[in-house]
Amino acid sequence: MEGVDILPHERSKTQFDVDAMKIVWAGSRHAFEVSDRMARLVASDPAFQKDNRTRQGRKELFKNTLRKATYAWKRIVELRLTEEEAGRLRFFVDEPAFTDLHWVSSTPCFALFVCLFVSINVFVDLIFKGRGQGTEEQQQKWLPLAYKMQIIGCYAQTELGHGSNVQGLETTATFDPDKDEFIIHSPTLTSSKWWPGGLGKVATHAIVYARLITNGEEHGVHGFIVQLRSLDDHMPLPGITIGDIGMKFGNGAYNTMDNGVLTFDHFRIPRTQMLMRVLQVTREGKCVQSSVPRQLIYGTMVFVRQTIVADASSALSRAVCIATRYSAVRRQFGSQDGVETQVIDYKTQQNRLFPLLASAYAFRFVGEWLKWLYTDVTQRLQANDFSTLPEAHACTAGLKSVTTTATADAIEECRKLCGGHGYLCASGLPELFAVYVPACTYEGDNVVLLLQVARFLVKTASQLGSGKKPTGTTAYLGRVQDLMQCRCEVQTAEDWLKPSVMLEAFEARSARMCVDRAQNLSKFANPEDGFAELSADLVEVAVAHCQLIVVSKKRLVACNLEFTFFSLIHSDQEALVLTWINHEATTNEPNTYTFETISALSISGVWFIEKLQQDIPGNGVKQQLQSLCYIYALNLLHKHLGDFLSTGCITPKQASLANDQLRSLYSQIRPNAIALVDAFNYTDHYLGSVLGRYDGNVYPKLYEEAWKDPLNDSVVPDGYNEYIRPMLKQQLRNARL
C-alpha cells in the first residue's frame, strides 16, 4: 500500500486557503519560506534519520546525538546559513543536544530545546551580549571562541538542593585578594550543580552561579565563567568532579542530553572571570555597582519566558496534528451501512480534541504578543524606565506557567485520543510528552510562578484605593467597581460570539476572584501567614488572570501584513477597544509600539469586528481563526464554570447557552480539522509519528514498524531454553488441574 493517500476526501472539504493559513502560523511569508526550506532540508538528509531513536541504549543514543549535532554544525557552515536558518535547522533536527545549550537562536521555537532544566540556559547570546551580564572586555575575549565552537558552554545554576530558590544556592565564590582570584567551592553535597544540559560529558566551560564573598561579607548570587575540562584531552581540571546524572523519563527523549552533576573543591579562577556588567569586584576586593542598572538583566528573563510560551504552541500543535489525522483515519462502530464511523465524527472526540487545536493557535498568537512585550520592556529598560517591569514579570511568569501546564496535559490527552496505538513509541506521543513535560519545572516551577503572579495581583488590587491606575494586562482592575456589578447580557447562544461579551465575562471573573482573595488576606494579622494559608486559592486567581490574557491577545499574520489585536479598556466608555496595527506591510522589524502609543490609538474607537471584516488575505482564514478563538474561550468557560457561576459573572442558563454554541463551533471546525493541522506545515520526519502521517496510511506502516523491534530479530526469544522451556515441561509433568 505504498503511496496510498487515505485523507484526500478530508482535505477536499476544506473551506479556507491553507497556504495563507501556513503564513499566519509561521508569522510572515519570509518566516514560512525559511522554515519550510529548513524542514525539507533536514527531512531529505539520511544523516538526520531518527526512526530508531527510542530503541537505542543510552550510550548509543548519546553518541548518535553527538554525530548529528556535529553534522548539523558542519552543514550550517557549508551552506553558510544565517542565524535564523541555522536555528530552524536545529529545531527540525528534533534532537536535544549539547549545542542547544551553547547557542540561543533568535527563532522562538528553538528555545524549547534551549531551556531544559535551567533558569536561563544561555552561554553565548543571553550572557555575553546586550541582554546579559558580561562586560565589553569579556565579550571580546570569550565570544570569538564561543562562536567558532573552540569552547563549548553550558549554564550551571541549579543545585541538588535548590532550584526555584536561587537565593538559597550554596556554591561559594570567595575572593582571595592576595592572588586576585576567586575560589569556587561546593561546601555540601546539596551544593552540587545538578541538571545543566551539556555539562555531564561535553561542555568545556560553564557559567557557574555562586554566592559572592569578599572580605568575609556575602553579596548575593553572581555568575562566573569557569573552565571545566582540558582543551587538550577533555579531562576534568584538578579540583573539579563532573559526570552525568543518569537516565531520565521516557525512551529517547532527553536521554540524548548529558545533564550533569558538578562539584568544586576550592577551584581557583581569575577575578576577571566574574560577570561584571552590573556588579564589579576591584583588585582590593571591594564591590562596586556599575552604571548599568541591575534591572536591565531582567530583560533576559522576559525574553526566555516569551520563547517558552511560543514553544508551547509548537509542542502542542505537533501532538494535535498527530491526534487529528489519526482520528480521521480511525473508524470504530456505527457500521449500519457497512462503513464504520470516523472517530473524529464522535462529539466526545471533538469535545476533547478541538479545544486542544484551538489552544495551539491561541498560544501561538499570545507568544507573538509577548515578543512585542519583550521589545517594549527592553526599550524601556535601556532608557532606565522600570515602570512596566513588575507587570511584565508577572505576565510572562503567569503565561509560562499556564501555557506549559496546559500543553503538557494536552499532549497526554492527545495520546489517549489515539487509543491504544497512542501508547506505542511509534505514535511519537510518548517521547514528545517526555521531552516536553520538563517545561513545567524549568525556568521556574509553575506553581511557584503562579504564586508570584498572585502576589502581584493582590498588591495591584490593594493600591486601587490610592489612585494608582493599573496598566497593561491589569488595566481591567481599574474598572473593578463596574466589573463587580456588571451582569452578562447573553440571551442566545450566538451572543457568546460577541467579543465584548466574552471579554467582559473573563474580566469580571478575574476581578471578582482577585477582590475576594484580597479581602480574605486582609483578615490575617500577618499577611505572609495569610498568603501561605490561602496559597491554593491564590493560584486560582492567577490562572484566571492569565487565561484572560490569552483570550484577549490575538495576533494574525498573513503575507507581509501583521495585525496585532490589543485588548484595551477605555475607562470613559467602559467598552472594549481592540486596535489593530499594520506594521509589517512596510517593514520586517518586530512591532515596537509602546503601551502609551496603543492607548492613544485606542481613542479612535476602532472596533474588533469592523476590522475583521477588512483585508485579511486568504479565503476563509479569518472565519477559521474566529471559530478557534471562541472554541478556546468557551471551552475555558466550561472547564472553569464554577468560577464564573460562584462569582456571579454568568447564570446557569447562560452557561448552558455557551455549551450550545461550543457544540455548534465544533461542527463548523470539523470539515476543516485536517487542513488546520496541515497549516502547521510539519514534515513526516519532524512529526516522527506513524499515526500522524500526512497520507494517513497508518496501518501498513504500523505493522511494518513493529517488525523493526530488536525483539523480533529472532522467532524464538533469547532465554527460551533457559526459562520458558523448563517451565513448560515441568507444567506438563506436574500440573494438577
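What follows H5, and what is the sign of its phi? Asp-94 comes right after the helix, and its phi is positive, near 60°.

Before the points, a word on the basis. This is a predicted model, in which local features need pLDDT of at least 70 and side-chain atom pairs count only at pLDDT 80 or more, while totals for chains, interfaces and linings use all residues. Residues are numbered from 1 along each chain as its sequence is written, and side-chain values use heavy atoms, with hydrogens and water left out.

1. Let's stay with helix H5 for a moment. H5 spans residues 83-93 and is mostly covered, with nine of its 11 residues buried (under 20% relative accessible area; exposed is over 50% and partly exposed lies in between, with a 1.4 Å probe and protein chains only). Among the buried ones are Glu-85, Arg-88 and Arg-90, along with Leu-89, Phe-91 and Phe-92. Helices here are DSSP runs of H or I with at least four residues, and strands are runs of E with at least two, numbered from the N terminus.

2. Next, the sheet. Three strands form an open sheet in the order S4-S8-S7, with antiparallel pairing (two strands pair if DSSP finds at least two bridges between them). S4 (193-194) and S7 (240-244) are at the edges with a single partner strand each, so one side of each has no neighbour in the sheet. S7 and S8 (residues 260-264) are joined by five bridges, and Thr-241 stands opposite Thr-263 in S8.

3. Now the interior. The largest nonpolar core holds 151 residues, and those with the most contacts inside it include Met-21, Tyr-361, Trp-369 and Phe-680 (a core is a set of buried Ala, Val, Leu, Ile, Met, Phe, Trp, Tyr and Cys residues joined through side-chain atoms within 4.5 Å). Helix H11 (residues 347-382) gives the most to this core, 18 residues. Apart from it lies another core of 26 residues, among them Ala-203 and Met-274.

4. Leu-381 is worth a look, too. This residue is found in helix H11 and counts as buried because its relative accessibility is 3%. Its C-alpha atom is separated by 9.8 Å from that of Arg-294, 87 residues apart along the chain.

5. Finally, a helix pair. Pro-499, Met-502 and Phe-506 in H16 meet residues of H21 including Tyr-630 and Leu-634 (contact means heavy atoms within 4.5 Å). The residues of this contact divide into eight nonpolar, no polar and no charged (Ala, Val, Leu, Ile, Met, Phe, Trp, Tyr, Cys and Pro count as nonpolar, Asp, Glu, Lys and Arg as charged, and the others, Gly among them, as polar).
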